[in-house]
Amino acid sequence: MTLDRVHVDGIARLASAIASAVDDSDHADLAERVWADFLDPLRDGSRVVVEPVAEQRRRSVDAEDVALADAPFDSVHGLDSGTINPTTFKNGLVLDVAQAAMAGVPSDLDLHRARSLVVTVHANDPTVDCETDWIVDDEGYSRRKVLHAPRVDRYAEGVVHALSLYLAEGEHALLQADAVDDLLVLDGPVYPMEVFTWQDGDATLRDLATEATPKTVVENYVRLVERFVERDVPLVGFVKNPASRGIVQTLRKKGVEAPWSDDTALFTRLLERWDSEAEERRTDCLTFTDWFVSRGGTDRTMAAGGDALGVDRELDPEAYEVAFFPIYDPRTDVCYRVEAPAAFVRDEATRERLTQQLLHDVAVARGPPPAVQKADELARISQGEKAALRRKLEEYLDSEEVRRYDEERWGVM
């Protein structure tokens, strides 16, 4: 043990000094003012950053009642992609391996067997060219390919991770799209937001965002939206750890001293309900807002006025805009973000069905929807599997992995 009781007490006293300097008693009032005065719409100059799809309302539903109610959709499919995480080898190669899987509720064993696997490789040697076309395996259930990442030097690990993850996910979603009859829920945002952040990076990342490979990744998601609009089957994303800051950053530009770290902290403050007599959080209801359209932050890329990273859009550009609503679950004190291309939430009946389905699923699971949890289990690569894969890669690449001290210290694999 590295901390004795005296150290713990000392840290607590330091925290007390910090607390005395931070007064959040007026944060609730400020949140209410933001809700009442700034979000219908929220503007950054002449540009609308956030606006309600219809009404701007906060709502609640009894968690037990919505869990027991009939689900609006007969079946729900989930999609996720997992990776071994970026791995650097002594011969200079950096690579990541991703596999994507789709799950069905009710279960579909043939669908669960299917996989799309992508190995993305970054090489400093310009003579290396290892890219392959898609190779079909496992009696047609599995597809795999090697992707050669653009050269980006110090950003290699992040780039191979994002390209592997999103290419596997987007390709698998397109390949299995016709298996979805009622609703598809992606584990995460509806677009490859990590790729979009490259536009706000330094010159190297900005240049990378304009190259053909990232554009191909984004194009898969654009085509996925078009495919589902054509089939009249809704598509949403369930973001378990939302970190968007578009609203709070815009508020600060407007002179509002927004104290929240991100938009999720703001919505948590707006959606929490307290029993004033017992001075404790009420946990009987899920709380949420109606839908908003977001055009700020990374969402601006898919806004009607954005460039979609140069990908041609076949539908009205407004159809691709990011719509969202937050769900706050007081039982776990977690706020989630549900996203959808705006095409699926313009119709009031569809919008309400999507809202009720996600509320039902969160209430039942006390967390992410069951279809998302099942897809996560299928796509996840365990620590043991990661270690075995890396050993196999060392063998085939005839090069050892570059190991770091923290892996020895903490047993990170």
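1. The lining of the largest cavity comprises 7 nonpolar, 2 polar and 2 charged residues. In this classification Ala, Val, Leu, Ile, Met, Phe, Trp, Tyr, Cys and Pro count as nonpolar, Asp, Glu, Lys and Arg as charged, and the others, Gly among them, as polar. The structure is a predicted model, in which local features need pLDDT of at least 70 and side-chain atom pairs count only at pLDDT 80 or more, while totals for chains, interfaces and linings use all residues. Residues are numbered from 1 along each chain as its sequence is written, and side-chain values use heavy atoms, with hydrogens and water left out.

2. The search for enclosed space gives 1 cavity of 30 Å³ or more. A cavity is a set of points, on a 1 Å grid over the protein atoms alone, where a 1.4 Å probe fits but cannot get out; a pocket is an open set with protein on both sides within 12 Å along at least five of seven lines; lining residues have an atom within 4 Å of a point. The largest cavity holds about 70 Å³ of space, where a volume is the space filled by probe spheres set on the points, and grid points are joined across faces, edges and corners.

3. Which residues line the largest cavity? They are P242, S244, D263, T264, F267, F324, F325, P326, C335, Y336 and R337. At least two lining residues come from each of α10 (263–271), β16 (322–329) and β17 (334–341). Helices (H or I, at least four residues) and strands (E, at least two) are DSSP runs, numbered from the N terminus.

4. T268 also belongs to helix α10. T268 is buried, at 16% relative accessibility; buried means under 20% relative accessible area, exposed over 50%, and partly exposed in between (1.4 Å probe, protein chains only). Neighbours within four places in sequence aside, T268 is in contact with Y328 and C335, contact meaning heavy atoms within 4.5 Å.

5. D333 sits in the loop between β16 and β17. With a relative accessible area of 37%, D333 is partly exposed. Residues up to four places away in sequence not being counted, D333 touches E272, R281 and Y328. The C-alpha atoms of D333 and Y221 are 31 Å apart, and these two residues are separated by 112 residues along the chain.

6. The largest pocket contains about 740 Å³ of space. Its lining is made up of 36 residues, and P189, M193, V239, N241 and A243 are the ones nearest the centre of the pocket. By class, the lining of the largest pocket has 12 nonpolar, 12 polar and 12 charged residues. The elements β2, β4, α5 (156–175), α6 (193–196), β11, α9 (246–253) and β17 each contribute at least two lining residues; α5 gives the most, with 4 residues.

7. How many salt bridges does the model hold? The count is 35, a salt bridge being a side-chain nitrogen of Lys or Arg within 4 Å of a carboxyl oxygen of Asp or Glu. One of them joins the side chains of R295 and E51 (2.8 Å, N to O). R295 lies in the loop between β15 (292–294) and β16, and E51 in strand β2 (residues 47–52), so the pair ties together parts that are 244 residues apart in sequence. R295 is buried, with a relative accessible area of 15%, whereas E51 is partly exposed at 26% relative accessibility.

8. A further salt bridge connects the side chains of E139 and R113 (3.6 Å, N to O). This pair links distant parts of the chain, with E139 in the loop between β8 (135–137) and β9 (142–148), R113 in helix α4 (residues 109–113), and their positions 26 residues apart. E139 is exposed at 70% relative accessibility, while R113 is partly exposed at 33% relative accessible area.

9. The side chains of R223 and E219 form a salt bridge within one helix (3.3 Å, N to O). Both residues lie in α8 (residues 212–231), 4 residues apart, about one turn of the helix. R223 is partly exposed at 22% relative accessibility, and E219 is partly exposed with a relative accessible area of 31%. Elsewhere, salt bridges that share partners join E55, R57, R59, D290 and E352 into one network.

10. In helix α12 (residues 370–379), the buried residues are A371, V372, A375, D376 and A379. Viewed down the axis of α12, these residues fall within an arc of 140°, so they line one face of the helix; the arc is that of the directions from the helix axis to the C-beta atoms. The buried residues of α12 pack against β4 (76–83), β6 (94–105), β10 (184–187) and β11 (235–239).
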